[in-house]
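Please read this report alongside the sequence and the three-dimensional view, looking up each residue as it is named. The sections take up pockets, then the nonpolar cores, and then a single residue in a helix.

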Amino acid sequence: FFIIISQILSFYFFFLVVSLQAQKFKMNLTECIEMAVNKNISIKQIELRGLEAAIDKNDAKGNFLPSINAQANHSWNIGLNQDITRGTLENRTTQYTSMGANLSVDLYRGLRNLNQMYRANLAILASQLQLDDMKDDIRLMVANSYLQIMFNIEILDVQKSQLEVTKADADRTQKMIESGIRIKADLLEIDATMASQEQAVVIAENNLRLSKINLAQILLITDYKNFDIVVMDMDVPFAQILAQNPKTIYEKALTHRNDIKLLLTNIEIAEKDIQLAKGGLQPNLTAFYGFNSRVSYADRFTGNGIFNDVPIGFVGSTNETVLRSVEGSRAIGPLPFEDQFNFNKGHNLGLRLNVPIFNGNVARNNVERSKVNLLRQQNQLEQEKLNLESTINEAYNSAKGAYKLYEASSKTALARDRAYQDAINRFEAGVMNSFDFNQIKQRFDAATSDVVRAKFDYIFKLKVLEFYFGLTITL
């Protein structure tokens, strides 16, 4: 009995966990933007560039520090080789150890180290500005996708509402047919309209599903089925930004737009590149110091106290042999390592001056190439300013036009609604045929959809304009 109860509880717990996992999770716009910024791969790539810029700055700092290197070498010499300690040629196997260290410090390099440090700091700033600019683009893209979902939700609600109204018309017409006021042919036209609206509902549901998938993909969410957004009441916002003129919005955008700041920083980098290239035309002064020593592991030879007479020549007049007393030798071990290290050590220090005279115009061409790059960056800035001004003018006019279109659509929808209500009364009274009634209803349905479409078109264009003005994207 207890085993059965345990199995039932296990199955119940399993299905409870599955049902909890299958619940939809809803996100508001702020949460969507934060997730997109944190998970976007392009942003991660730019963050890696920022890490590289920080490493380049460490390289620039290192240019101010001395360069210190140490080396050691141990070798075996087999055969006829010169004893580097005594300078004699001997046919044997010997071992030697040599070691040394050197230090060099740049005293003057045409201010290239200093300019390289300034450039590294500018590169870090440029990387951060590029990152911020990418985040701004992601925020705008997420807001657009979020609004698209809201639009599709409202369109779906409109289509469902219109379908319900058509079903009510069909029921009303059926009753009128039964009472003899209408003929059966009048119902066929309404049935055709209802079928068309059922198709419109399916299309709206599919568009809503696709828009959710699109936002989920931007957020790198793979569980499309359980992803949803927080539905908000989307009233038409007060267009305070439209009280500004495009020139004012443009001038404000120049002060905070990260893409403009990035191009200004790139110009500063190009100017530093010119100074760096000019440093290649100036002399370099370097101070250096070196230390070296060596140790031999070969046996030494010393006198053994036994002298032998060795002929060294003859007397020319008497042909008598000339002898010399030479002491014999015996092999002893090498000197201790420390003694040889101290005895053979040496130092070298000095200054090294390198004056560029002619190197195939490489340095001068680098200067000219850097100047061309500066002009390119300046032209790019001017072009971006022109593009920004044109975009703001277009966004401003589009927002104003969208608002006017929304007002006109609202008036049209109101008039179509009145005409539709009047058509219902006339249709029920039998003074209007089904064809004319359906035409009026279809125009009313289209006007209702146009209001939703015009509202969201205006809201998005307004948010784009606020984005250029520097306002935070909110709904």
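## The largest pocket

In this predicted model, helix α2 gives the largest share of the lining of the largest pocket, namely three residues. The space in this pocket comes to about 290 Å³, and of the 14 residues that line the pocket, those closest to its centre are D136, R139, L471, T472 and I473. The elements that contribute two or more residues to this lining are α2, which covers 29–39, and α4, which covers 112–178.

Sorted by class, the residues lining the largest pocket comprise four nonpolar, six polar and four charged ones.

## The second largest pocket

The second largest pocket holds about 220 Å³ of space, and α4 supplies the largest share of its lining, with seven residues. At least two lining residues come from each of α3 (41–62), α4 and α7 (258–279).

The lining of this second largest pocket can be followed along the sequence, from R49, A53 and D56, through Q116, R119, A120, A123, A126, S127 and Q130, to L262 and N266. By class, the lining of the second largest pocket consists of five nonpolar, four polar and three charged residues.

## The nonpolar cores

In soluble globular proteins, nonpolar side chains tend to be buried together. The largest nonpolar core of this model has 64 residues, and the members that touch the most other members are V142, L215, L219, F227, L242 and L465. Helix α4 provides the largest share of this core, with 15 residues.

What does L215 touch, when residues up to four places away in sequence are not counted? Its contacts are C32, V142, S145, Y146, I149, F227 and I229. Separate from the largest core is a second one of 13 residues, which has M176, I190, A423 and I440 among its members.

## A serine in helix α10

Residue S449 lies in helix α10, which spans residues 434–469. Is S449 buried or exposed? Because its relative accessible area is 10%, and buried means under 20%, S449 counts as buried.

Leaving aside residues up to four places away in sequence, S449 touches I155, V158, Q159 and Q162. To place these contacts in the view, it helps to recall that α4 covers residues 112–178, while S449 itself belongs to α10.

Notes:
Residues numbered from 1 in each chain as written. Predicted model: local features only at pLDDT ≥ 70, side-chain atom pairs only at ≥ 80, totals over all residues. Heavy atoms only, no water. 1 Å grid on protein atoms, 1.4 Å probe; cavity = no way out; pocket = protein on both sides within 12 Å on 5 of 7 lines; lining within 4 Å. Points joined across faces, edges and corners; volume = space filled by probe spheres on them. Helix = DSSP H or I, 4+ residues; strand = E, 2+ residues; numbered from the N terminus. Nonpolar A, V, L, I, M, F, W, Y, C, P; charged D, E, K, R; others polar. Core = buried A, V, L, I, M, F, W, Y, C linked by side-chain atoms within 4.5 Å. Buried < 20%, exposed > 50% of the residue type's maximum accessible area, 1.4 Å probe, protein only. Contact = heavy atoms within 4.5 Å.
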